[in-house]
Amino acid sequence: LANMVAMGSEKFAADRLPGGKPVGKFDMANVNTRGGSLALGHPFGATGARLVTTAANRLQSENKRFALLTACADGGLAHACILERYDNK
């Protein structure tokens, strides 16, 4: 939550971000309220599969179209994925 507050802070942006402009505020209604990989149990070697499965199931149950998944890894590595749900008609 501290990172989310910092991204909307003009002082943080002026001190730390290139260009000195805040990134913006997050709409908490669009943030994962069920937690990320740690909340899912963070199974070694299966984090991505757990995140994708959870997001796909939520797209179905919440009748949404897109999900954005992100995860960090050791050494400054990271990945992101956008899932799109198609109608089952």
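**Exercise 1: the nonpolar core**

Find which residues make up the largest nonpolar core, and which elements give two or more residues to this core.

*Solution.* Keep in mind that you are looking at a predicted model.
- Step 1: pick out the members. The largest nonpolar core has 7 residues, and they are Leu51, Ala55, Leu59, Ala67, Leu69, Ala71 and Leu83.
- Step 2: match them to elements. H3 and strand E1 (66-72) are the elements that give two or more residues to this core.
- Step 3: zoom in on one member. Leaving out residues up to four places away in sequence, Ala67 touches Ala55, Leu59, Cys81, Ile82 and Leu83.

**Exercise 2: the overall build**

Work out how many helices and strands the protein has, and in what order the elements run.

*Solution.*
- Step 1: count. You should get 3 helices and 2 strands.
- Step 2: walk along from the N terminus. The elements go α-α-α-β-β.
- Step 3: look at the dimensions. The C-alpha trace spans about 50 × 30 × 20 Å along its principal axes.
- Step 4: check against a globule. The protein has a radius of gyration of 16 Å, while a compact globule of 89 residues would have one near 12 Å.
- Step 5: see how much is tucked away. Of the 89 residues, 15% count as buried.
- Step 6: turn to contacts between residues at least 6 apart in sequence. Among these, 21% join residues at least 24 apart.

**Exercise 3: buried, partly exposed or exposed?**

Decide whether Gly8 is buried, partly exposed or exposed, then describe its surroundings.

*Solution.*
- Step 1: locate the residue. Gly8 sits in the loop between helix H1 (2-7) and helix H2 (10-16).
- Step 2: apply the cut-offs. Buried means under 20% relative accessible area and exposed means over 50%. Gly8 has 23%, so this residue is partly exposed.
- Step 3: list the neighbours. Gly8 touches Pro22, Gly24 and Lys25, if you skip residues up to four places away in sequence.
- Step 4: check a distance. Gly8 and Lys25 are 17 residues apart along the chain, and their C-alpha atoms are separated by 4.8 Å.

**Exercise 4: two more partly exposed residues**

Say where Leu17 and Arg50 sit, and give the relative accessibility behind each label.

*Solution.*
- Step 1: start with Leu17. This residue lies in the loop between H2 and H3. Its relative accessibility is 21%, so Leu17 counts as partly exposed.
- Step 2: find its contacts. Setting aside residues up to four places away in sequence, Leu17 touches Phe12 and Val23. The C-alpha atoms of Leu17 and Met7, 10 residues apart along the chain, are 9.1 Å from each other.
- Step 3: move on to Arg50. You'll find Arg50 in helix H3 (residues 47-61). With a relative accessible area of 35%, Arg50 is partly exposed too. Between the C-alpha atoms of Arg50 and Gly36, 14 residues apart along the chain, there are 9.4 Å.

**Exercise 5: an odd phi**

Explain why the phi of Asn63 catches the eye.

*Solution.*
- Step 1: recall the usual pattern. Most residues other than glycine have a negative phi.
- Step 2: compare. Asn63 has a positive phi of about 55°, although this residue is not a glycine.
- Step 3: place the residue. Asn63 is in the loop between H3 and E1. Its relative accessible area is 57%, so Asn63 is exposed.

**Exercise 6: a pocket**

Name the residues that line the second largest pocket, and sort them into nonpolar, polar and charged.

*Solution.*
- Step 1: read off the lining. Leu1, Asn3, Met4, Phe26, Asn30 and Val31 line the second largest pocket.
- Step 2: sort them. The lining has 4 nonpolar residues, 2 polar and no charged.
- Step 3: add the volume. The second largest pocket holds about 210 Å³ of space.

Note on methods. Residues numbered from 1 in each chain as written. Predicted model: local features only at pLDDT ≥ 70, side-chain atom pairs only at ≥ 80, totals over all residues. Heavy atoms only, no water. Helix = DSSP H or I, 4+ residues; strand = E, 2+ residues; numbered from the N terminus. Buried < 20%, exposed > 50% of the residue type's maximum accessible area, 1.4 Å probe, protein only. Core = buried A, V, L, I, M, F, W, Y, C linked by side-chain atoms within 4.5 Å. Contact = heavy atoms within 4.5 Å. 1 Å grid on protein atoms, 1.4 Å probe; cavity = no way out; pocket = protein on both sides within 12 Å on 5 of 7 lines; lining within 4 Å. Points joined across faces, edges and corners; volume = space filled by probe spheres on them. Nonpolar A, V, L, I, M, F, W, Y, C, P; charged D, E, K, R; others polar. Rg over C-alpha atoms; globule rule 2.2 N^0.38 Å.
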